[in-house]
Amino acid sequence: YRKTGDETGGSTAEVRMVLRAFTFAGGIAAAAATSQFPECSQQYVQRLGGAVDELTQVAADFDNSAQAEGMTRSGALEAMQGNAFVERRRADMERTFARLATMRSDLEVLQTGGPFTRAANAARMRDSDVARATFAAYQPAIPLTFDGLIFTCIGLIGGASLIRLVAAVLNTSARRRTA
């Protein structure tokens, strides 16, 4: 026994039309989101570069102070003992040096290519402070570059494909339940 369109609450043509509308909407939404990646990632890299410059200055100041006292960086860090404030400051500086090393490494990779290289290395856009500042200042715009067009097409196809895949899975599970 198979239910007709009237018994299921809608005809097959109506279901297909709704599916097409959802597919189109999903594709457009994904296209809009991915089209922003080239510019947003470029702004992240610019902010990351600025943060690296600032932390490099902090590290240089620390190293200069250590050198003025006849110490290396590691020696100066080891000497920072004696009270809670100085030990806390040592831990702060150790985190700063570690963050600077990570940021320099990420910046080197992210600066080597364009948006496709940045997309392939998106996991290197991991500094939460830089990302937060980038997103706070970022204003979406219509991408008028070739890169923006490619990312828009990728988003359109990917978003529409994802909606179609979800619909196919739901349709298959619905058929199994009615069979």
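**Notebook: helix 3, helix 5 and an aromatic pair**

I began with the rings and found that the structure, a predicted model, holds three aromatic pairs. The one I looked up is Phe62 with Phe97, whose ring centres lie 5.4 Å apart; their planes stand at 70 degrees, and since over 60 counts as edge-to-face, I entered the pair under that heading. I then checked where the two residues sit, and the pair turns out to link distant parts of the chain, with Phe62 in helix 3 and Phe97 in helix 5, 35 residues apart.

Next I turned to helix 3 itself, which runs over residues 37-68, and noted that its 32 residues reach 46 Å from the first C-alpha to the last, close to the 46 Å expected at 1.5 Å a residue. After helix 3 comes Gly70, for which I noted a positive phi, near 75 degrees.

How do helix 3 and helix 5 pack? I read an angle of about 140 degrees between helix 3 and helix 5 (residues 84-111), with the axes 9 Å apart, and I therefore recorded the two helices as oblique to each other. The crossing in which helix 3 passes helix 5 is left-handed.

For the contact, I listed the residues on either side: helix 3 contributes, among others, Tyr44, Leu48, Val52, Leu55, Ala59 and Phe62, while helix 5 contributes residues including Met93, Phe97, Leu100, Met103, Leu107 and Leu110. Sorting the residues of this contact by character, I arrived at 15 nonpolar, four polar and three charged. Going back to the aromatic pair, I noted that both Phe62 of helix 3 and Phe97 of helix 5 are listed in this contact.

Note on methods
Residues are numbered from 1 along each chain as its sequence is written. This is a predicted model: local features need pLDDT of at least 70, side-chain atom pairs count only at pLDDT 80 or more; totals for chains, interfaces and linings use all residues. Side-chain values use heavy atoms; hydrogens and water are left out. Helices (H or I, at least four residues) and strands (E, at least two) are DSSP runs, numbered from the N terminus. The expected span of a helix is 1.5 Å times one less than its number of residues. Axes are lines fitted to C-alpha atoms, for helices over the stretch in contact, and angles run from 0 to 180 degrees between N-to-C directions. Angles under 35 degrees count as roughly parallel, over 145 as roughly antiparallel, 65 to 115 as roughly perpendicular and the rest as oblique. A crossing is left-handed if the near helix is turned anticlockwise from the far one by less than a right angle, and right-handed if clockwise. Contact means heavy atoms within 4.5 Å. Ala, Val, Leu, Ile, Met, Phe, Trp, Tyr, Cys and Pro count as nonpolar, Asp, Glu, Lys and Arg as charged, and the others, Gly among them, as polar. Rings of Phe, Tyr and Trp (its six-membered ring) pair if their centres lie within 6.5 Å; planes under 30 degrees apart count as stacked, over 60 as edge-to-face and the rest as tilted.
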